[in-house]
Every structure is written in structure tokens, then in C-alpha cells.
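Student: Could we go through the labels on this model together and check what each one rests on?
Tutor: Happily; let us begin once it is in view.

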Amino acid sequence: MRLAVVIAPWDSTSSDAGAWSDGVAMLGASLARLGFRVAVVGEGQDLAAELGHALQGVAAEDTVLVHVGGRLARRGVLRVGAGQWMPLRTIGEVLAAHAVADVSVLAELLHEDDAEDALVAADHVASIVSALGARERGYGMVAAVRPAGAPVEGLAFTRLFLDVAAAAPREQALLSTVYARIRATPESLAVAQSFTLVRGRAELELTPPAPPAPDLDAQIEAATAISDWSTAVDLRRHRLASHDSPRARVKELLAIARIMQQEFSDTDGALAALEEARAIEPRRAAVLQNLKRGYEVLGRWASAIEVTAALVSITPMPGDRAALRYEQARMVLDNLEDEEGAAGLLEQVLEDDPEHADARATLTRLRSSLTPPEPMPVPESSGEVETAQPAVVAAASAVVAVAGAAESGGGDDLDPSTHARAFAHRMAAGHSDAALLSAMALEELGAGHVEATLLLEQFRSVTPVRARGTLDAQGWELLRPYGMDEVLTALFAAVARPACMARIDQLTARGRLVALDPSSRLDEESTASVVRSFQWAARVLGVRCPELFVVPDVPGEIAAVRAPVPSTAVGPSIVSGRSAKDLAFLAGRHLTYYRPEHQVLVYFPTRDELTRLLLAAVALTKPETPPTGEGARAVASLAARLDRNIDDNERNDLRRAVWELEVRGGKFSVSAWVRNVELMSARAGLLLSGDLVTAIAIVSNETRAIAALPLEAKRRDLLAFCVSDEHAALRARFAVSAPGSVRPPAPAAAAGYR
């Protein structure tokens with residue numbers, strides 16, 4: 001059933017009673033055309049009792065639209081005639097008392113405060129939303145206010161809202177979509193001083209109901225009566241195709257799933273119907289609950305865990321969220337044997353319900369058995385799976401393209417002929433250092449020829465590059481892969497210091513901060529090769545060198561440590577037995593993560609943690625729009641910790657980055673950004689080592705899961721960057737490279753280029 005309750009508490013003696021009476025009549029007729037049974041309340045003295053009476057007989061699965069009109073006596077309080085008033089929270093309490101699940105509210109109210117003060121109007125709107133408890137109860141809501149003295153009569157905003165809904169395509173006539181269209185119309189400024197949207201658990205459809213299909217209905221009823229379930233399913237599939245409403249399609253699919261499970265014991269068939277329903281309405285609780293049960297029956301634990309997380313995201317009460325998250329944690333622990341993942345979920349359980357005894361006991365047991373996670377490679381792979389391939393874009397450069405364009409119009413990074421042409425072109429032009437880089441590529445591809453080999457023998461050094469300066473901002477720009485998200489880079493740079501401080505405080509409070517043995521620390525004045533390499537690399541890259549500690553068992557042999565001061569653990573194989581070029585590459589790659597814009601990856605190493613930091617940073621700039629959905633409390637908590645630590649300059653930089661993010665529609669990919677940071681770090685290592693063979697040998701013989709980049713992607717990017725104009729420019733500016741020419745340029749005609 002679709003019920004619309006129009007609350008219109010107007011005094012019949014008021015000057016504008018006629019206009020409002022006409023408006024209520026218009027509203028009732030419009031809602032009736034949309035398939036609502038309309039009830040008008042507000043004529044009597046006890047408005048709450050009238051509302052309760054109108055809601056009698058409403059079931060949990062019914063749709064209820066409440067329209068609230070009238071004058072505000074003050075914030076959150078409605079005039080009800082004859083000098084009486086009623087708090088708006090009373091309306092919310094009556095709705096909650098009738099256990100109505102799918103509720104939407106459209107409020108158009110007048111205030112008698114300063115007509116020119118937009119902030120006062122916005123405060124009224126916020127008070128209306130808060131008083132009705134829309135966010136807490138999951139109600140979809142549009143609230144609008146205007147001054148009582150505005151030259152507008154009747155329910156002008158409501159009329160505009162319904163007109164826009166009527167003009168929208170059927171599939172777009174939803175509460176939030178219509179709201180977005182109204183915001184884009186100039187008429188909205190004339191009929192409302194301030195208005196806002198609250199998204200509910202379900203979208204209100206503002207379209208007339210689809211006409212019934214009586215023949216199919218009768219056939220389905222007859223097939224069901226004689227338990228002809230195959231025919232019933234086939235007929236329901238036919239009726240499914242005739243439904244225009246998403247809600248009706250989902251209801252039909254739920255019925256099909258129930259038959260498949262109960263009558264045929266076909267769990268796979270039931271899940272197929274439920275997954276189809278979820279694609280239509282991703283947040284429908286009944287669909288998610290049935291999917292969860294089906295996945296558990298079939299032992300599809302990864303899917304069961306994911307759908308449980310979806311249920312958590314639509315569950316408003318902390319106690320209910322905690323119960324669901326505890327089930328999710330048990331599945332992760334018992335079936336995936338992921339103790340670290342389970343511990344993270346249990347911590348979220350206790351955030352929602354600190355008294356959850358089972359969660360606390362399980363978490364205590366896990367903490368006592370888990371190996372401390374640090375030192376860990378940074379950033380740790382989040383295990384995400386994406387359809388897009390890693391963002392590996394060859395920097396290859398103009399010189400390679402020019403060299404190949406004369407004959408073939410370009411070339412592949414892994415095609416030796418491309419690099420052979422580039423080598424010849426660079427040699428002919430007298431660009432010896434650039435030619436040396438092409439010779440390195442030919443050597444790596446096993447296609448070196450006599451001239452390239454001679455050049456390598458002449459200028460290849462047994463030591464890393466001889467640096468003659470510190471990389472500046474322009475130098476770091478040359479290291480960045482094409483397509484790197486500069487907005488995310490700026491955002492993370494702005495919050496790096498306060499975010500690291502907040503994370504350290506949190507880890508300290510949880511007893512998870514790593515305490516390294518002071519006796520294992522390597523003195524920065526030590527003559528050990530690893531110390532000298534890190535100190536030299538830090539000076540060249542312009543970053544602070546972390547404290548170095550020798551740790552017997554280090555994942556990847558070098559790992560950043562989440563400690564109060566920047567710290568790095570190195571394994572025994574790094575301390576001894578490595579060449580100077582190896583150490584230069586490893587130090588350059590590792591220290592790239594200590595750039596301010598990248599350091600957040602040390603303390604927020606997974607995709608989920610980094611995304612939570614990004615959302616908290618955005619929330620910090622928009623206190624008027626608190627975070628919602630799954631993890632909202634964690635995001636809000638992190639935003640509060642950032643707020644305590646951020647300074648004015650960082651806050652201004654953050655506002656600028658968030659504004660740029662909004663300008664492009666708020667789209668971002670944390671995963672792509674992390675991949676580009678990893679590619680950039682390997683480029684920094686190649687720049688310092690000065691040797692492509694060394695760089696590719698290291699990445700080819702290590703196990704490094706950071707950013708989920710495959711070896712071929714890393715190798716291709718290193719090859720492309722090695723021969724790029726960017727690399728050549730960096731070497732020319734910051735390193736002592738090969739002489740400008742080792743032979744006079746060949747005549748243009750002889751060289752074959754113009």
C-alpha cells in the first residue's frame with residue numbers, strides 16, 4: 001500500500017488560509033494520481049492522535065509519504081492553530097511508534113525570523129531534519145523553508161517538486177533525483193530560501209503505479225493453488241518483464257527466490273533471482289538477508305561476508321550493526337582463517353557496542369595470538385580486484401617516438417627495434433647520455449649490438465649516479481607516471497602530518513605501536529654501506545632519512561615501521577652483501593614513501609584505511625554534512641582526530657584539494673593512485689642507481705605485493721621511463737652524466753632523419 005499523510009495545521013481565520021487550502025487540495029489530488037491513499041490531518045486539536053489514527057493498519061512493507069506544511073513557532077516547533085504549537089519530534093515519534101519502515105517526508109514550512117539571513121534559514125532546515133529524526137530512522141526527506149513574508153503563496157515548493165517529478169522520465173522520478181533537478185532550476189530560489197535532502201533506506205518513487213496484469217495475476221494464483229510451481233515461476237517471470245517499478249520487480253524476484261528454495265530446494269536458482277533483485281535495489285534489506293542465508297548454505301563465504309557488510313551499511317542502530325559485524329568477523333575468522341581481518345572487524349563491533357562480550361573475548365584471544373603486523377611492506381596490498389589494468393603508461397618519450405616515426409610511426413616498449421632506432425637517432429644527434437639510456441634498454445631486451453655495447457663499456461659506472469643536486473618540485477614532477485592523480489596527491493600532502501599523528505595516537509591507545517630494540521639501531525654516522533646509501537639517497541631526494549634498525553626477519557628485507565618517528569627495518573641481506581647500485585635502487589624506492597604526500601601510506605597501508613582517511617579529510621572541510629553509511633562513525637572519529645592536529649596552512653591546502661575533487665564530480669581511485677606511487681618509487685630507485693639492469697633484476701627476484709602490480713607492469717614501466725625524455729632531463733639537471741657528444745653529428749641525409 002502507498003499512503004500519503006498530509007499534515008496541514010492551518011488556522012481558518014488566517015489571511016493566507018485560502019491559498020493553503022487550495023494548495024492542500026492540489027497536493028491531495030496530485031498524490032492520489034501517483035497511487036497514494038491520501039489522508040489529511042490537522043483540523044482537530046490533537047494532531048498527534050490524528051496522525052496515529054491515519055497510520056493505523058500500515059504494514060512494515062508499505063510505503064508512507066508524510067507532507068508537513070505550516071508555520072514554525074520556533075526551531076523544530078510547528079504552530080497548530082489557536083495559539084497552540086507542537087514539536088516536530090512528536091511527528092517522528094508517532095511514525096516510529098507505528099513501525100513503518102519505508103517512510104519519506106516532504107516538508108515545506110514558513111519561518112518568522114530574519115528574511116534576509118540565509119544562515120537562519122539553513123539552521124531551520126537542519127532543525128526540521130533533526131527534530132523528525134530522519135537520518136537516525138533512515139527516512140528519505142526533502143525539507144524547505146522560506147520567510148513568512150515572502151511574496152509566494154501556498155505550497156509553492158511542493159508544487160514545483162511535483163511538477164519536476166511529473167516531467168522526469170519514469171525511471172528518474174525518484175525523491176533524490178527530483179531534488180537534484182530542482183537544485184538546478186532557478187525557480188527553486190524563488191519558492192524556498194533554503195532546502196536540503198536526506199537520503200533514506202529506500203528511494204520514494206514519484207510515478208503512477210503500473211496497471212495490474214489481471215490475466216497473469218489470475219493464472220499465477222491458480223498455479224499456486226494447485227502447487228504447480230514450475231508454471232508459477234514461469235508466469236512470475238512473464239509478469240516480471242511487465243513491471244515498470246523497480247520495487248515491483250524486486251518483490252516479484254523475491255517471490256521467485258522463495259519458490260526456488262522452499263519448493264525445489266534449488267539454492268543456486270534462488271540466489272540467481274536474489275542477485276538479480278539486488279542489481280535493481282542494492283540496499284533492499286530483505287534481498288540482502290536472503291542472499292546472506294543462501295551464500296552461507298553454499299559455503300560461499302567471501303560473498304556472504306560482502307553481503308553482510310552491505311547489510312551493516314543500511315542498519316541504523318549501533319547494537320544491530322554490532323551483531324551483524326560480529327557475524328561477519330566470525331565468518332572471516334572461521335572460514336577464511338584471516339585473523340588480522342577478523343580483528344579489524346571486531347574492533348568495529350566494539351566501536352558500535354563496547355559491551356559486546358563475545359567480540360571482546362574473541363578480540364583478546366586474537367591479539368594474544370597474532371604476530372604483530374609491523375614491520376610491514378608499505379603500502380600493504382588490500383587484496384582488491386579491479387577490472388582496469390594497472391595504470392602503466394610508457395613515459396617513452398618523445399625521442400623514442402621521433403626515432404620510430406620516420407619509418408614506422410612509433411613502437412612498442414618491448415620491441416628492440418624501437419630502441420635500436422632511438423639509439424641511432426640519439427647518437428647521430430650527439431646526445432650521448434640519452435643514447436646510453438637506449439643502450440641500457442637494448443641490453444635488458446637482449447638486443448645489444450656492438451656500438452651500444454661499446455657505449456655501455458665506456459660510460460657505465462660501477463657506482464650509482466654522481467648526484468650534483470637535490471631534487472626539487474620540478475624534479476619530482478618528472479618522476480611521476482602519466483595520469484597520476486594530482487588532486488589526491490595534494491589532498492594527502494595536506495593531511496599527512498595530522499593523519500600520521502592521529503594514527504600514532506590510535507595505535508598507542510590500542511597497544512599496537514611498534515617498539516623496536518634501540519640496540520638494533522644503526523647510527524646515522526656509521527660507515528656501513530646501507531647507512532651511507534640511505535643518507536645519500538635522502539639528500540638527493542630531499543626527504544628526511546628514517547632511523548634504520550636491523551631486524552632478523554623483515555618482509556621484503558626493507559619495511560617501513562609505524563613508529564612515533566620515521567623508522568625503517570632492514571634485514572641482514574641488506575646490511576651486507578649488496579652492491580652500491582642495489583642499495584641505491586632500494587633506498588630510492590623506499591624513501592619515495594617518505595615524501596609528505598606519500599607518507600600516509602606508511603600509516604594507512606590498505607585501500608580501506610586510505611579511503612577512510614580520504615573521506616575523513618573531506619568531512620573535515622564539510623562539518624555541515626556528516627558522513628553516512630557503513631563506517632561513518634570511524635570516518636567521523638578520524639576527522640575529529642585530524643581536526644585536533646591540523647594547522648591553518650594545512651587546512652587551507654586541504655580545502656583547495658577538496659574543492660578540486662568536487663569540481664571534477666568527486667570521482668577518485670585510491671587504488672590507481674597507490675599503483676602510481678609504487679611505479680614512481682621504482683623510477684626514483686632507477687634514477688639513483690643509474691642502471692636499468694640492476695633495477696629490473698631486483699624487481700624480478702623479489703616478492704613484493706604492494707599495489708598488486710604484476711612484474712610485467714613494473715618491468716615495462718622501468719623500460720619506458722629509462723629511455724624517456726623525463727629521465728634524460730633528470731640526469732642532465734641532477735647527475736653527472738655522459739658527455740654531450742662522443743662523436744660529431746652525422747649529416748642529416750646520411751643519418752636518414754630530417
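Student: Why is Ser227 called partly exposed?
Tutor: Ser227 has a relative accessible area of 43%. Buried means under 20% relative accessible area, exposed over 50%, and partly exposed in between, with a 1.4 Å probe and protein chains only. The value for Ser227 lies in the middle class, so Ser227 is partly exposed. Before we go on, a word on the source: this is a predicted model, where local features need pLDDT of at least 70, side-chain atom pairs count only at pLDDT 80 or more, and totals for chains, interfaces and linings use all residues. Residues are numbered from 1 along each chain as its sequence is written, and side-chain values use heavy atoms, with hydrogens and water left out.

Student: What makes the backbone at Ser227 worth a look?
Tutor: Its phi is positive, about 60°, although Ser227 is not a glycine. Most residues other than glycine have a negative phi. Ser227 sits in the loop between α9 (214-225) and α10 (229-242). Helices here are DSSP runs of H or I with at least four residues, strands are runs of E with at least two, and both are numbered from the N terminus.

Student: Which class does Ser265 fall into, buried or exposed?
Tutor: Ser265 has 59% relative accessibility, so it counts as exposed. Ser265 also has a positive phi, of about 50°, and is not a glycine. Its place is the loop between α11 (246-262) and α12 (267-280).

Student: What makes strand β3 "mostly covered"?
Tutor: In β3 (residues 63-74), 9 of the 12 residues are buried.

Student: How do you know that β3 pairs with β1 and β6, and in which sense?
Tutor: Two strands pair if DSSP finds at least two bridges between them. Strand β1 (residues 2-7) is joined to β3 by 6 bridges, in parallel, and 9 bridges join β3 to β6 (residues 102-111), also in parallel. Val66 is a good place to see this: in β3 it is the bridge partner of Val5, and its own partner in β6 is Val105.

Student: How many bridges join β3 to β4?
Tutor: There are 2 bridges between β3 and β4 (residues 77-81), which run antiparallel. With at least two bridges required, the pair qualifies, so we may call these strands paired. Leu72 stands opposite Leu78 in β4. The hairpin of β3 and β4 has 2 residues between the strands, and Gly76 takes a positive phi near 75° there.

Student: Why are β10 and β12 called edge strands?
Tutor: The open sheet has 4 strands in the order β10-β11-β13-β12, with mixed pairing. Its edge strands are β10 (521-522) and β12 (558-561), as each pairs on one side only. Strand β12 pairs with β13 (residues 567-570) over 4 bridges in the antiparallel sense, and Ile558 stands opposite Val570 in β13.

Student: How many disulfides does a search of the whole structure find?
Tutor: The search finds 0. A disulfide is a pair of cysteine sulfur atoms within 2.5 Å, so no pair in this structure meets that cut-off.

Student: Why are Cys500 and Cys545 called buried?
Tutor: Cys500 has a relative accessible area of 8%, and Cys545 has 17%. Both values are under 20%, so both residues are buried.
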